[in-house]
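Subject: Handover of a structure model

Dear colleague,

Please find below the structure that I am handing over to you. My notes on what was found in it follow.

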Amino acid sequence: MSQSKTEVVIVGCGIYGMSTALWMLQSGKYNVTMLDKCGILPAPDAASTDLNKIIRSADYADPHYAELGFDAVENFWRKPEWEGTYHESGVMALSASTEKEGLEFVSSAYQNCKDLNIDVTLLNNPKDIKSKFAKNIPTGNFGGRQGYLNPIGGWAESGRALEVGLKRVRHLGGHVRSGAEVTGLIKNGRKVEGVTLKSGEEVKGDLVLIAAGAWTPALCALPGVSARLPDLVATGQSVAVIQLTPEEAKQYASVPVVFNLDDGWYVFPPNPEGLMKMAIHGAGVLNPQSNGVSLPRTKLTAGAEDGAIPLTSLKGLRDGLRQVYPELAKKDYLTTRLCWYCDSVTGDWLIDYHPDFDNLVIASGDSGHGFKFTPNIGREILKVIEKNPSPQYAEKWSFGYSAKAIKEEGSKAAVMDVSKEEAEMAKAGADVRAGKRKVLRESDLVKPHDLKAKNAKL
Ligand SMILES: Cc1cc2nc3c(=O)[nH]c(=O)nc-3n(C[C@H](O)[C@H](O)[C@H](O)COP(=O)(O)OP(=O)(O)OC[C@H]3O[C@@H](n4cnc5c(N)ncnc54)[C@H](O)[C@@H]3O)c2cc1C
């Protein structure tokens, strides 16, 4: 290996870390070691690892995220290197006309799609929406919503895409290590010389990238790391899956992703095994530890193996399903999961050098909408690392941006307040979110019998 290559240590094997590793290795200028705390990769509880994620091409109110999403689909997702993990079902973006934030988001997103010459169809009422579904699909009243259908975009098999990406990292010569939990930074003044693992082993490098997803705030608060961060918080989001029969899976196979941009509810088409996932892109729940920092509580956390979600979310998920596919809302849930976002105040990501160190970069704060950018987020992270950031993102993703946004808006409540329990999600920021954030309480979680449709309190 060339001596002149920069040795990079990447903490976290989710899509932020993996995509950066790919772009670095393809440039030929870096040697990369990726570290993940999990013993199995992709880590089953990483946000990136799931049945599927929505790939919104351009369905953003912010034209720059729209442009980046469109780039991901048009120039990357369909390519053979992603091994068919992307499925172009189209995305239906909806909101009730009475929901100001949601409707504004949908209107701006529609305009951004038009500006990118995407052939989107306006859906002015539930009748227009229903007309986009095949006759053999019984649909509900869509909660009286309106919106548009974007034929470009759809969903990706997210766990498999991460697996494919990590395989490519290894193929390009990157080292990918599981069971390597980082607990400290080796500091020398403003320089970080590498990281320390829980085992005591040191992994040295010229540059350290922390891409630890929703674990980033807890990691940076560890005494061995002690790196200050802007407001970032881990929030647990509710996901549920139902099992369709083979006949139903065939019947619903060609439906688009349906996404309510007002209450955050969304549903995918069934996957090849007939699994249909739905979730709520909302305020989520917090799991504060004794130091006040919220830590993901996942299926790998002792006592949380059942993936239980709050009962209120379970009800919200079924209500959403009833408005779209009433027949399927009569089914039992197969599984549930709490999946964790790393939320920033504004919904923008944090991709920047840490101000206290010369060679420590943070790529986190995904705010629940990073997956669609799997193929191109690494390019943008690498540009930041090489001190040549894309101008349209440089400020938004910078370390000081949330403080500036708060100052300009006058209060945190005017942006997405990530610090207060039960904060109202007042403004969309980079993405639209709904609901009130709550501290997770075991007593609020569903029990197995709640998964049965017959026990649903309607
Ligand atoms: C319910 C849910 C639905 C979503 N839906 C969508 C969607 O439809 N579309 C979309 O675009 N985005 C979606 N997202 C967001 C998307 O999944 C995330 O933006 C993205 O996966 C974040 O990637 P990441 O690499 O930052 O984090 P992760 O994928 O969580 O990866 C972080 C990795 O860091 C590792 N790690 C943590 N701490 C340490 C440590 N101390 N040492 C070593 N390793 C460590 C973890 O084990 C993990 O593997 C969703 C997220 C959730 C939770």
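Helices and strands are taken here as DSSP runs, of at least four residues for a helix and at least two for a strand, and they are numbered from the N terminus. By that count, residues 8–381 are 26% helix and 28% strand, and the end C-alpha atoms of this span lie 13 Å apart. Please note that this is a predicted model.

Annotated regions

The span just described comes from UniProt, where an unreviewed entry gives residues 8–381 the feature "domain: FAD dependent oxidoreductase". Such annotations may be inferred rather than shown by experiment. An unreviewed entry in UniProt also carries the annotation "transmembrane region" for residues 7–25. In the model, the chain over residues 7–25 is 58% helix and 26% strand, with 11 Å between the end C-alpha atoms.

Surroundings of the ligand

Which residues come nearest to the ligand? Of the 38 residues around the ligand, these are Gly12, Gly14, Gly213, Cys339 and Gly370. Four elements give two or more residues to this shell: helix H1 (15–27), strand E3 (53–56), strand E14 (232–243) and strand E19 (335–344). Sorted by class, the shell holds 22 nonpolar, 10 polar and six charged residues.

Two of these elements, E14 and E19, run antiparallel to one another and are joined by 10 bridges. Within this pairing, valine 239 stands opposite arginine 337 in E19. Strand E19 is mostly covered, with nine of its 10 residues buried.

The six-stranded sheet

Six strands make up an open sheet with mixed pairing, in the order E9-E2-E1-E13-E21-E20. Strand E9 (175–177) and strand E20 (350–353) stand at the edges; each has a single partner strand, so one side of each is left without a neighbour in the sheet. From one strand to the next, the twist averages 15 degrees. At one of these edges, E20 pairs with strand E21 (residues 360–364) in the antiparallel sense over four bridges. The bridge partner of isoleucine 351 is alanine 363 in E21.

The three-stranded sheet

A further open sheet consists of three strands in the order E10-E11-E12, and its pairing is antiparallel. Here the edges are strand E10 (182–188) and strand E12 (202–204), each with a single partner strand, so one side of each is left without a neighbour in the sheet. The twist in this sheet averages 30 degrees from one strand to the next.

How are the strands of this sheet connected? E10 and E11 form a hairpin with two residues between them, and glycine 189 in the turn has a positive phi of about 65 degrees. These two strands are joined by six bridges, and lysine 187 stands opposite valine 192 in E11. E11 and E12 also form a hairpin, with four residues between them; in that turn, glycine 200 has a positive phi of about 100 degrees. Strand E11 (residues 191–197) pairs with E12 over three bridges in the antiparallel sense, and glycine 194 has lysine 204 in E12 as its bridge partner.

Helix H9

Helix H9 (residues 374–385) has 12 residues and reaches 17 Å from its first C-alpha to its last, close to the 16 Å expected at 1.5 Å a residue. Is this helix enclosed or open to its surroundings? Of its 12 residues, 10 are buried, so H9 is largely enclosed by the rest of the structure. The buried residues are Thr374, Pro375, Ile377, Gly378, Arg379, Glu380, Ile381, Leu382, Val384 and Ile385. After H9 comes lysine 387, whose phi is positive, near 60 degrees.

Leucine 219

Leucine 219 has its place in helix H6 (residues 216–221). A residue counts as buried if 20 or more other C-beta atoms lie within 10 Å of its own. Leucine 219 has 25 other C-beta atoms within 10 Å and is therefore buried. Leucine 219 and leucine 295 are 76 residues apart in sequence, and their C-alpha atoms are 9.4 Å apart in space.

With kind regards

Key
Residues are numbered from 1 along each chain as its sequence is written. This is a predicted model: local features need pLDDT of at least 70, side-chain atom pairs count only at pLDDT 80 or more; totals for chains, interfaces and linings use all residues. A residue is near a molecule or strand if its C-beta atom, placed from the backbone, lies within 6 Å of it. Ala, Val, Leu, Ile, Met, Phe, Trp, Tyr, Cys and Pro count as nonpolar, Asp, Glu, Lys and Arg as charged, and the others, Gly among them, as polar. Two strands pair if DSSP finds at least two bridges between them. Axes are lines fitted to C-alpha atoms, for helices over the stretch in contact, and angles run from 0 to 180 degrees between N-to-C directions. The expected span of a helix is 1.5 Å times one less than its number of residues.
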